[in-house]
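I am opening my notebook on this model. I will go entry by entry and write down what I look up.

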Amino acid sequence: MIDATYDWPAAGQAWFDLPESVRAGMVAAGAENWAEIFHGRATYNKQWRMARPPVLTAESYRVMVAVVDRLAQLLLEAAQRRARTAGELAGLLGVDPVDTRMLPTEEPLGAHLLAAVRPDVLLSGGVPRVVEFNIDSSIGGVLDADTVLDRFTRVYRERGLLDAAPMRPAPSAMDTRFAAIRSTLGLPEGAVVPLLLDFEADYPGLDDPDLMRRVLAPVTERAARFGLVMPIEAVTSVSVADDGGPLVAGRPVDGVFRLFVLNRVTRGPGLDALETLVLSGRLPAFTSGAAWLLGNKQLLAWLWSDLDGLDANDQAIVRRHLPRTELLTADRYDAAVAGQHDLVSKPADGSAGVDVVIGRESDADTWRAALRRGVDRGGYILQEYAHADVVPMDFVHIETGETVTEEVPYSIAPYLFGRELANACVRSGFPGCEGVLNLSRGVLLSGILLVD
């Protein structure tokens, strides 16, 4: 059983527990090698790079992952109390199964849908607080988190820094995901499983498919170690063979790894063919479209409304680690106006920080407009504001090469593939950053170092 009273170390404490000489060496190594470390990694930030990765104790990270894994199970159970199938759940969530592609309406809700999970965790008073769950194959940042961490680690190893302190990188999220793809889809050695991208989507690099294929080449190379042939292909390249089987770029395939969002993918014949093949059972996909529904933030409100029916330990986990969440409805409007300072408004099916409004960072008119918009549109939540601890982090200025230490917030997004612990994607603020930690707002990505 997870200890709901675990004594969490202060945010950033693991870093300061390292010898001063090691800390200085790590920052110097990052400042000298930042261009190589972050080469080709996704970011909109034109001024700053991290001079080192965040550091956590291995024990606290293990407990954090156990907590979020249990919360993911509780979200699934909240959905199962209300619906049997993906179609029933979509109806309750107000999700249109026509606009949301590849949604298997008859698929039962089960534990298999938790094959790919990435919660967004803020440290508040040193305690992890989960502000949302991403449950789907399209969760991003894996390559960036692993690559940046690998490059930092290589530089540290060359300088003997890893021998001077009990540090190690978190387990590869890429490797853990490949293992989950093989096991979830039941694929044989040598299976052809293209990584499908929507090159029309708004994400750094997707406007240049050739460049993106070069950037993602390490994914193809790494997948081969796990018995997977994984070319990088476009959704538009999917078609149905004369015998009804699947083709991607004209080649028969054994499965697909979907790396796009079901309600934000560009329409076209390729997508139509993909949907037909997947929903007919002719083409296994990682993950099922039903999994995406479990990331809808309305489930967070359902879990809170079910709280009294949970056992005592699960209640304690929810209260401590999941900010209070409720649906934004007309009858909650006045209370939400009065509670502006302590609330955040979010679209339940949103991503990338779009239309997230933080009450205490908005004026009264902006807050009321956000609430009215949420009530009118439906499918919005109100969530208790989770204060993000600021943690001293080290940065290098791109133009000057100067290193600075700045107290910034960061979010930790642990990856669980097949419910196995893996690396995390840390989205770090930077000097002068805004409150919403999102790639589109210039945050910097990294994995984490663990200290034994």
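**Entry 1: a small sheet**

I start with one residue pair: Pro 169 has Leu 449 of S23 as its bridge partner. The model is a predicted one, and I keep that in mind throughout. I look up the strands next. S5 and S23 (residues 449-451) pair in the antiparallel sense, over 3 bridges.

Which strands make up the whole sheet, and in what order? I find 3 strands in an open sheet, ordered S2-S23-S5, with mixed pairing. Strand S2 (55-57) and strand S5 (167-169) are the edge strands; each has a single partner, so one side of each is left without a neighbour in the sheet. From one strand to the next, the twist averages 35°.

I add a textbook reminder here. Strands of a sheet pair through backbone hydrogen bonds, either parallel or antiparallel.

**Entry 2: strand S20 and its partners**

I move to strand S20, residues 403-417. Why do I call S20 largely enclosed by the rest of the structure? I do so because 11 of its 15 residues are buried. Buried here means under 20% relative accessible area.

I then list pairings of S20.

- Strand S3 (residues 116-124) is joined to S20 by 4 bridges, and the two run antiparallel. Val 117 stands opposite Leu 416 of S20.
- Strand S19 (residues 390-397) is joined to S20 by 7 bridges, again antiparallel. Here Pro 392 faces Glu 407 of S20.
- Strand S21 (residues 420-428) is joined to S20 by 7 bridges, also antiparallel. Ile 412 has Val 426 of S21 as its bridge partner.

I check the turns too. The hairpin of S19 and S20 has 5 residues between the strands, and Gly 401 takes a positive phi near 75° there. The hairpin of S20 and S21 has 2 residues between the strands. In that turn, Gly 418 has a positive phi of about 60°.

**Entry 3: two helices**

How many residues of helix H11 are buried? I count 7 of the 8 in residues 298-305, so H11 is largely enclosed by the rest of the structure. The buried ones are Gln 298, Leu 299, Leu 300, Ala 301, Trp 302, Leu 303 and Trp 304.

Next I look at Thr 147, in helix H5 (residues 142-158). Is Thr 147 buried or exposed? Its relative accessible area is 10%, so Thr 147 is buried. Its side chain reaches the backbone oxygen of Leu 143 at 2.7 Å. I note a general point beside this. An α-helix has 3.6 residues a turn, so residues three or four places apart point the same way.

**Entry 4: a loop residue**

I pick Ser 351. It lies in the loop between strand S16 (343-347) and strand S17 (357-358). At 27% relative accessibility, Ser 351 counts as partly exposed. I also look up its distance to Glu 132. The two are 219 residues apart in sequence, yet 9.9 Å apart in space, C-alpha to C-alpha.

**Entry 5: cavities**

How many cavities of 30 Å³ or more does a search of the whole structure find? The search finds 3. The largest cavity holds about 130 Å³ of space. Its lining has 16 residues, and Pro 9, Ala 10, Leu 56, Ser 60 and Leu 123 lie nearest its centre. Helix H1 (13-16), S2 and helix H3 (58-80) each give two or more residues to that lining. S2 gives the most, with 3 residues. So far I had met S2 as an edge strand of the sheet. By class, the lining has 11 nonpolar, 5 polar and no charged residues.

The second largest cavity has a volume of about 50 Å³. Phe 38, Arg 41, Ala 42, Thr 43, Arg 49, Asp 144, Leu 444 and Leu 445 line it. I sort them into 4 nonpolar, 1 polar and 3 charged.

**Entry 6: a pocket**

I finish with the second largest pocket, which contains about 230 Å³ of space. It is lined by 18 residues; Glu 107, Leu 185, Ala 285, Thr 287 and Ser 288 lie nearest its centre. Helix H6 (173-185), helix H9 (269-279), strand S14 (285-286) and helix H10 (289-293) each supply at least two lining residues. The lining divides into 12 nonpolar, 5 polar and 1 charged.

Note on methods
Residues numbered from 1 in each chain as written. Predicted model: local features only at pLDDT ≥ 70, side-chain atom pairs only at ≥ 80, totals over all residues. Heavy atoms only, no water. Buried < 20%, exposed > 50% of the residue type's maximum accessible area, 1.4 Å probe, protein only. Polar contact = N/O pair within 3.5 Å; in protein donor to acceptor, adjacent residues only side chain to side chain. 1 Å grid on protein atoms, 1.4 Å probe; cavity = no way out; pocket = protein on both sides within 12 Å on 5 of 7 lines; lining within 4 Å. Points joined across faces, edges and corners; volume = space filled by probe spheres on them. Nonpolar A, V, L, I, M, F, W, Y, C, P; charged D, E, K, R; others polar. Pairing = 2+ DSSP bridges. Axes fitted to C-alpha atoms, helices over the stretch in contact; angles between N-to-C directions.
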